[in-house]
Structure formats: structure tokens, C-alpha cells
Amino acid sequence: MDFRYYGGIVSRFDDFLRENLTQVQPNFMVWLGSGALIGLGVIVPEMSPSNFLIYFGLYEKMSSDISHLNMATVIPLVIGAILCVLVLAKLANYLFRCYYAGMYHFILETVLGSFLSYFPNGGSSCFYT
């Protein structure tokens, strides 16, 4: 199997993402989605919305607009964050009511998995000599 072919596909896809997603033009819907990402970071453990905003090239513009109280940015951010938190909180509440053990283990595994990623070799060197 020639893995260079798949590497080329991945490389072209990565180039496409870098060209099209890192140059996102801010508008109402983009700020609404950014607010939803921020709301997602409030509900989902170990998720950092700032990483996505930096990758999309929106973080610097967002922080500047917030510091200058640019309401064209602040209002959609707040609306997106509130809507996302409300919807995901209801969803999380439902999932915990119906699938408590599964949700508990999912969150525990997410936290442990992200903790182990801080160590070299995914933490395997900490447990095995």
C-alpha cells in the first residue's frame, strides 16, 4: 500500500483548510457561531474555544472588539453563547437522566485522556519503564 498517496490527500486537505478557514471574514453569523463555541467551552469539559478562534483568525479581532465594546461583535457573541449553553445544558441534563453511567464515564475518560496528553508518549512512559 502506498501511503504517499494518502499523505498527499491529507496535505491538500490541510492546505485547503488553511486557505479557507484561517481567513474567515467576521460577520453576524460568524460571531454567533463564535459565541456558540464559547458556550460549548462552558458545557463541554476540557474544550478550549480560544484554540478554534485563533485557528480561524478571529481571536485577535474578537478581543479587540470586546475591549472597545463594539456591539456588532459583542451582541452576537453573547446571543450565541447563551443559546448554546441553554441547549447543551438541556441536552446534558437529559443525557445524565437517561444515561448517567455512560455520561459519567465519558467525562471521566475525557478528563483523564487530556491529562495524559500532557506527558510524553501519551503518558505511557509514566506507567511503564
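Start by selecting helix 2 together with helix 3 (49-55), helix 4 (59-67) and helix 5 (71-98): the buried residues of helix 2 pack against those three partners. Keep in mind as you go that this is a predicted model.

Now show the side chains of helix 2 by themselves. The buried residues there are Val30, Trp31, Leu32, Ser34, Gly35, Leu37 and Gly39. Helix 2 covers residues 28-43, 16 residues in total. If you put a distance between its first and last C-alpha, you get 23 Å, close to the 22 Å expected at 1.5 Å a residue. Then step back to the start of helix 2 and pick Asn27: one of its side-chain oxygens comes to within 3.0 Å of the backbone nitrogen of Met29.

Next, move across to helix 5 and select Thr73, which belongs to that helix. Is Thr73 buried or exposed? Its relative accessibility is 2%, and because buried means under 20%, Thr73 counts as buried. Light up what surrounds it: apart from neighbours within four places in sequence, Thr73 is in contact with Trp31 and Asp65. Trp31 is one of the buried residues of helix 2 you have already displayed.

For the next stop, select Phe96, Tyr100 and Tyr104, which make up one aromatic cluster. How many aromatic pairs are counted here? The count is two. In the pair of Phe96 and Tyr100, the ring centres are 5.9 Å apart and the planes sit at 55°, so this pair is tilted. In the pair of Tyr100 and Tyr104, the centres are 6.1 Å apart and the planes are at 20°, so that pair is stacked. Tyr100 and Tyr104 both lie in helix 6 (residues 100-116), and because they are four residues apart, about one helical turn separates them.

Colour the three by accessibility while they are selected. Phe96, at 28% relative accessibility, is partly exposed. Tyr104 is partly exposed too, with a relative accessible area of 44%. Tyr100, at 53%, counts as exposed.

Finally, zoom out to the whole chain in cartoon view. You will find seven helices and zero strands, so running from the N terminus the order of elements reads α-α-α-α-α-α-α. Of the 129 residues, 19% count as buried. Switch on the surface: the accessible area is about 9500 Å², with 68% of it belonging to carbon and sulfur atoms. If you draw a contact map, look at pairs at least 6 apart in sequence: 65% of those contacts join residues at least 24 apart.

Technical notes:
Residues numbered from 1 in each chain as written. Predicted model: local features only at pLDDT ≥ 70, side-chain atom pairs only at ≥ 80, totals over all residues. Heavy atoms only, no water. Helix = DSSP H or I, 4+ residues; strand = E, 2+ residues; numbered from the N terminus. Expected span 1.5 Å × (residues − 1). Buried < 20%, exposed > 50% of the residue type's maximum accessible area, 1.4 Å probe, protein only. Contact = heavy atoms within 4.5 Å. Polar contact = N/O pair within 3.5 Å; in protein donor to acceptor, adjacent residues only side chain to side chain. Areas by Shrake-Rupley, 256 points an atom, 1.4 Å probe, with all protein chains shown as cover. Phe/Tyr/Trp six-rings, centres within 6.5 Å; stacked < 30°, edge-to-face > 60°.
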